[in-house]
Amino acid sequence: MDELFDQNTKAVPTSRISRLSKLGVLASKVAGNMLVDGGKELMQGKSPAIRDLLISEKNLKQLADKLATMRGAAMKAGQLLSMDAGSLVPPDMAVLLERLRADAVTMPAVQLLDVLEKNWGDEWQDQFQRFSFKPIAAASIGQVHKGLALDNRELAIKIQYPGVRESIDSDLDNVFGLLRFSGLIPKDLDLTPLVDEARRQLKLEADYRHEGQQLRNYAANMATFSRREELMFPAYHEDLSTDQILCMSYMQGQSIEKLAYASQEERNRVMSLMMELFFAEFLDYRCVQTDPNLANFLYNLESKQLVLLDFGATREFEPSFVDNYQKALHAATVEDRTALASALDKLGFFAQGKEVKNLDVVLDIFILATEPLRFKGNYDFSGSQLAEKIRDKGLSISSDPDAWHSPPPDILFLHRKMAGLYLMATRFNASIDMNRLVSRYW
């Protein structure tokens, strides 16, 4: 066994009161910062705007730090907001919330041991030749450790933070309530569908037996994927798994960020694989791993395979939704605005019973987003400035509160993955023949 050690750890607050108090302390710090910063500006003869004081870099950093420390649904709420940052939160806040996708402190050894004993019993060590107490990864709901079972199975063991599952409802209510009260979320923007879906999604993600079954289902889908041999993903070890502990085979690989140092040809190949995988997940299997966090992927340098790690955010889509979205994708690709508007309306993208003030801008954004699908030959993501163009179009909606409408959660989760892949392709300077990848679906 590895020796227990001190590292950058903080205890996870487990009770509803303790978690609420964390947010109360945060609110007090934010208010104090506003008074200090506002006083400084008044002394300089300036007239400070309340909103500018509220979203100062200091306040936003404290918000991100506090959510990261709380972990669980509080941290996930920040991640969900960052999915649709163009219309829900200011750009500066979106940047800070983005770090929550991969940034969480770990729990101290005393909490870790408590979780292990409650799930595996007091003699849990007897099941292992080795167990490393140093986490190899940490996220919003749990942290991952490496172990070697008695039968020589090399395992990645995801261990859920204590109190996470029980705090989901209160965390979401408290965080979204705080953000709405602060004015960071427009008061007229109805987030109820998103919050309700977040509850459902988080409760599924906090059920590690469910994630294990999702991993099995995903593996079954991939049996018919045309580029299956270019992928690696873990096996689910049910005998050692519980609701709070997920045991999978340990996967070898480097951070996907190492791909940036590979040849142009290899970067193009891996990113085309990720794009083709996404379209197969959505249009063929109707089951998508919706979290594009770089930490969810590894790159095996020896086998040149893409390693898939996390299946907690795997989401199933109804056939009717997939059919209508496929029609929207095709209409946008061929720039048929009438057909696109009809498909988006069926998807529930526009507020019912209201005039669609931002219709033309929404259609423009969809048509712009499908530019890579129209392009004949390899599309250069890094040279296109596509993300900036889409962002600028989106800001024109954000500046008009009357035009705001939160689309159905299925749209947000799907766009989270699509946007993440576009940004990844840009980050790795990839050039991909997207038109060829999607042509079989039209």
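**Figure 1. Arginine 286, in the loop between helix H11 and strand S8.** This is a predicted model, and the close-up sits where H11 (264-284) gives way to S8 (287-289), with arginine 286 in the loop between them. Have a look at the backbone here: phi of arginine 286 is near 55 degrees, a positive value in a residue other than glycine. Most residues other than glycine have a negative phi. As for burial, arginine 286 has a relative accessible area of 35%, so it ends up as partly exposed.

**Figure 2. Lysine 304, another loop residue with a positive phi.** This time the loop runs between two strands, S9 (297-300) and S10 (305-308), and lysine 304 is found in it. Its phi is about 60 degrees, even though the residue is not a glycine. Is lysine 304 buried or partly exposed? Its relative accessibility comes to 39%, so lysine 304 counts as partly exposed.

**Figure 3. Threonine 314, a buried residue of strand S11.** Strand S11 covers residues 314-316, and threonine 314 is part of it. With a relative accessible area of 5%, against a cut-off of under 20%, threonine 314 is buried. Which backbone atom lies 2.9 Å from a polar atom of its side chain? That would be the backbone oxygen of phenylalanine 311. Setting aside neighbours within four places in sequence, threonine 314 is in contact with Gln201, Gln214, Cys287, Val288 and Gln289.

**Figure 4. Serine 249 and its link to alanine 235.** Serine 249 belongs to strand S6 (residues 245-249). Its relative accessibility is 18%, so serine 249 counts as buried. Along the sequence, serine 249 and alanine 235 are 14 residues apart, but in space their C-alpha atoms are 5.4 Å apart. The side chain of serine 249 reaches the backbone nitrogen of alanine 235 at 2.8 Å. Skip the neighbours within four places in sequence, and the contacts of serine 249 are Glu154, Ala156, Pro234, Ala235 and His237.

**Figure 5. Helix H11 packing on helix H12.** The axes of H11 and H12 are 9 Å apart, and the two helices pack at an angle of about 130 degrees. That angle makes H11 oblique to H12. From H11, the contact takes in Phe279, Phe282 and Leu283, while H12 brings Phe321, Val322, Tyr325, Gln326 and Leu329. Sort those residues by type and you get seven nonpolar, one polar and no charged.

**Figure 6. Helix H12 again, now with helix H18.** Here H12 (residues 319-333) meets H18 (residues 409-427) at an angle of about 55 degrees, their axes 12 Å apart. H12 is therefore oblique to H18. The crossing of H12 past H18 is right-handed. On the H12 side the contact is made by Phe321, Tyr325 and Leu329, and on the H18 side by Asp410, Ile411, Leu414, His415 and Met418. What mix of residues does this contact hold? The split is six nonpolar, one polar and one charged.

**Figure 7. Zooming out to the chain around these views.** In the chain there are 19 helices and 13 strands. Of its 442 residues, 53% count as buried. Take the contacts between residues at least 6 apart in sequence: 72% of them join residues at least 24 apart.

Definitions and conventions
Residues are numbered from 1 along each chain as its sequence is written. This is a predicted model: local features need pLDDT of at least 70, side-chain atom pairs count only at pLDDT 80 or more; totals for chains, interfaces and linings use all residues. Side-chain values use heavy atoms; hydrogens and water are left out. Axes are lines fitted to C-alpha atoms, for helices over the stretch in contact, and angles run from 0 to 180 degrees between N-to-C directions. Helices (H or I, at least four residues) and strands (E, at least two) are DSSP runs, numbered from the N terminus. Angles under 35 degrees count as roughly parallel, over 145 as roughly antiparallel, 65 to 115 as roughly perpendicular and the rest as oblique. A crossing is left-handed if the near helix is turned anticlockwise from the far one by less than a right angle, and right-handed if clockwise. Contact means heavy atoms within 4.5 Å. Ala, Val, Leu, Ile, Met, Phe, Trp, Tyr, Cys and Pro count as nonpolar, Asp, Glu, Lys and Arg as charged, and the others, Gly among them, as polar. Buried means under 20% relative accessible area, exposed over 50%, partly exposed in between (1.4 Å probe, protein chains only). A polar contact is a pair of N or O atoms within 3.5 Å; within protein, one must be able to donate a hydrogen and the other to accept it, and residues adjacent in sequence count only if both atoms are side-chain atoms.
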